[in-house]
Amino acid sequence: MILHLLSDDKFSDYAINQFSAMGNSSEFVILTEVQDLKLIAIKNSQAVTVIHVNSPDYFQFCKTINQYNAVILHGLFSPLQVNIFPFLSDKVKVAWVFWGAEIYGRNDIKLKFLSFKSKIIFYSRKTKKLLKGTLLKPEHYFADKSIYKRINYCLTDVHEDFEFVKKYTHSSMKELWYNYYSIEETVGSLANQKVNVGNILVGNSCNLENNYPDAFSALSRFDLSDRKIIVPLSYGQPWLKRIILKEGYSKFADSFLPLTDFLDRDVYNNYLLSCSIVVMNHYRPQAMGNIITALWLGAKVYMSRRSLLFAFFQRIGIHLFSVEDDLKPENKEALLPLEPAKVEHNRTILKNIYGKDIMMMRLKEIVEELN
């Protein structure tokens, strides 16, 4: 039997559905400090047991936790997850679904994922905060690095992520392939559609890691009078929005189209379908779902060559391009649509890796390994 420690997140329903399809080999639990927690993101709430950490149920849970063959941590963003470790016997396998921010958001490395211009914005804000006598609050809880030595398996679909994590944590964890979404679920109603307009999508959120100033500088060298520069800013770091808006309108004037409000999925999809060029200038792995969707729709995708995801997509044979090397006016094909043959090539690769049947086969391997 496998215990899944979940959070009230959109990913949890996918995990519940996937592992439930493997038979009665999983139980799903949320640990909380919130009295009478009402689940919001999780729709399949009847499959989840919610346990308050100050209740008798919690002490019983800790007492009997070694009945499980394995525990899967879905993300690692709460001390409540770490607090169970002392109760685990060595026989219980611990697996961790790597979400990204648990490692890439840590203070000792997060600045490595910012460009020089993004670092200027970061330090400018930090200086203003210090002058006002306030401190920058951490965005996440970060588990002590020693915790990772108790984790036996890292679950991820990106081998490059695993190699980075293993080296950074100095752990001996093994790799298991896992992803929450199949390609069918990722693209949904867009499965049979392709990009049809020449607009340009830049970034995926209002976060410094998008390195917007550098992406904007690269694009400003082109004649973009007949295109829209679409920039999603509806979630992320609210203080950054004003800076990005000022920079965007300064560089592109009426061609700049920021998406500052949360949009209905169909509305956002229409924006995606209008973008034959997608620029994701992250240095850290990020925006995986957006990138896969863009590739499926046939967009020409530009990424920083410093990103581990750029290395990942190159390794699996995807046609994509480098912001640093290819997004230049001297490249006469820079803003031309991706050739149809290359679009189909990318789709075939994505099907072969993220197709639902293949994913369920890999899920079966996880269950067999952990039980």
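Is Ala287 buried or exposed? I took this question as my starting entry and worked outward from it.

**Entry 1: Ala287 and Asn211**

I note at the outset that the model is a predicted one. I found that Ala287 counts as buried, because its relative accessibility is 11%. I located Ala287 in the loop between S11 and helix H11 (288–297). I looked up its backbone and read a phi near 65 degrees, a positive value in a residue other than glycine. I recorded this angle because most residues other than glycine have a negative phi.

I then turned to Asn211, which also is not a glycine and has a positive phi of about 50 degrees. I placed Asn211 in the loop between S8 and H8. I list Asn211 as buried, because its relative accessibility is 0%.

**Entry 2: Helix H8**

I next examined H8, which spans residues 212–219. I asked how many of the residues of H8 are buried. I counted 6 of the 8 as buried, so H8 is largely enclosed by the rest of the structure. I wrote down the buried residues as Tyr212, Pro213, Ala215, Phe216, Ala218 and Leu219. I then looked for what covers them, and the cover includes helix H5 (116–131), strand S8 (199–202), strand S9 (229–232), H9, strand S10 (256–259) and strand S11 (275–280).

**Entry 3: Aromatic rings**

I searched the whole structure for aromatic pairs and obtained 24. I singled out the pair of Phe216 and Phe252, which is edge-to-face, with 5.4 Å centre to centre and 85 degrees between the planes. I noted that this pair links distant parts of the chain, since Phe216 belongs to helix H8 and Phe252 to helix H9 (residues 238–252), 36 residues apart. I checked the burial of both partners and found Phe216 buried and Phe252 buried.

I also recorded one aromatic cluster, formed by Phe11, Tyr14, Phe19, Phe77, Trp99, Tyr178, Tyr180 and Tyr181.

I looked for charges placed over rings and noted two cases. I found the charged end of Lys145 over the ring of Tyr168, 4.1 Å from its centre. I found Arg362 over the face of Trp177, at 4.5 Å from the ring centre.

**Entry 4: Met359 and Asn371**

I located Met359 in helix H15 (residues 356–370). I list Met359 as buried, because its relative accessible area is 6%, under the 20% limit. I listed its contacts, leaving aside neighbours within four places in sequence: Gln18, Trp177, Asn179, Tyr180, Tyr181, Ser182, Ile353 and Tyr354. I noted that Tyr180 and Tyr181 among these contacts are members of the aromatic cluster above. I also looked up Asn281, which is 78 residues from Met359 along the chain, and read a C-alpha separation of 28 Å.

I then moved to Asn371, in the segment after H15. I entered Asn371 as partly exposed, because its relative accessibility is 36%. I compared Asn371 with Ser25 and found them 346 residues apart in sequence and 8.3 Å apart in space, C-alpha to C-alpha. I recorded the contacts of Asn371, again without neighbours within four places, as Met1, Ile2, Ser25, Asn69 and Lys93.

**Entry 5: Cysteines**

I asked how many disulfides the structure holds. I counted 0 disulfides. I recall that a disulfide is a covalent bond between the sulfur atoms of two cysteines. I looked at Cys206 and found its closest cysteine sulfur in Cys275, at 18 Å, which is too far for a bond. I required the sulfur atoms to lie within 2.5 Å. I list Cys206 as buried, because its relative accessibility is 1%. I entered Cys154 as buried as well, because its relative accessibility is 0%.

**Entry 6: The whole chain**

I counted 15 helices and 13 strands in the protein chain. I compared its radius of gyration of 22 Å with the value near 21 Å for a compact globule of 371 residues, and the two agree. I read the box filled by the C-alpha atoms as roughly 65 × 55 × 40 Å along the principal axes. I found that 51% of the 371 residues count as buried. I recorded an accessible surface of about 17900 Å², of which 52% belongs to carbon and sulfur atoms. I noted lastly that, among contacts between residues at least 6 apart in sequence, 68% join residues at least 24 apart.

Key. Residues are numbered from 1 along each chain as its sequence is written. This is a predicted model: local features need pLDDT of at least 70, side-chain atom pairs count only at pLDDT 80 or more; totals for chains, interfaces and linings use all residues. Side-chain values use heavy atoms; hydrogens and water are left out. Rings of Phe, Tyr and Trp (its six-membered ring) pair if their centres lie within 6.5 Å; planes under 30 degrees apart count as stacked, over 60 as edge-to-face and the rest as tilted. Helices (H or I, at least four residues) and strands (E, at least two) are DSSP runs, numbered from the N terminus. Buried means under 20% relative accessible area, exposed over 50%, partly exposed in between (1.4 Å probe, protein chains only). A charge sits over a ring if NZ of Lys or CZ of Arg is within 6 Å of the ring centre and within 35 degrees of the ring normal. The radius of gyration is taken over C-alpha atoms; the globule rule is 2.2 Å times the number of residues to the power 0.38. Contact means heavy atoms within 4.5 Å. Accessible areas come from the Shrake-Rupley method with a 1.4 Å probe; for residues, only the protein chains shown count as cover.
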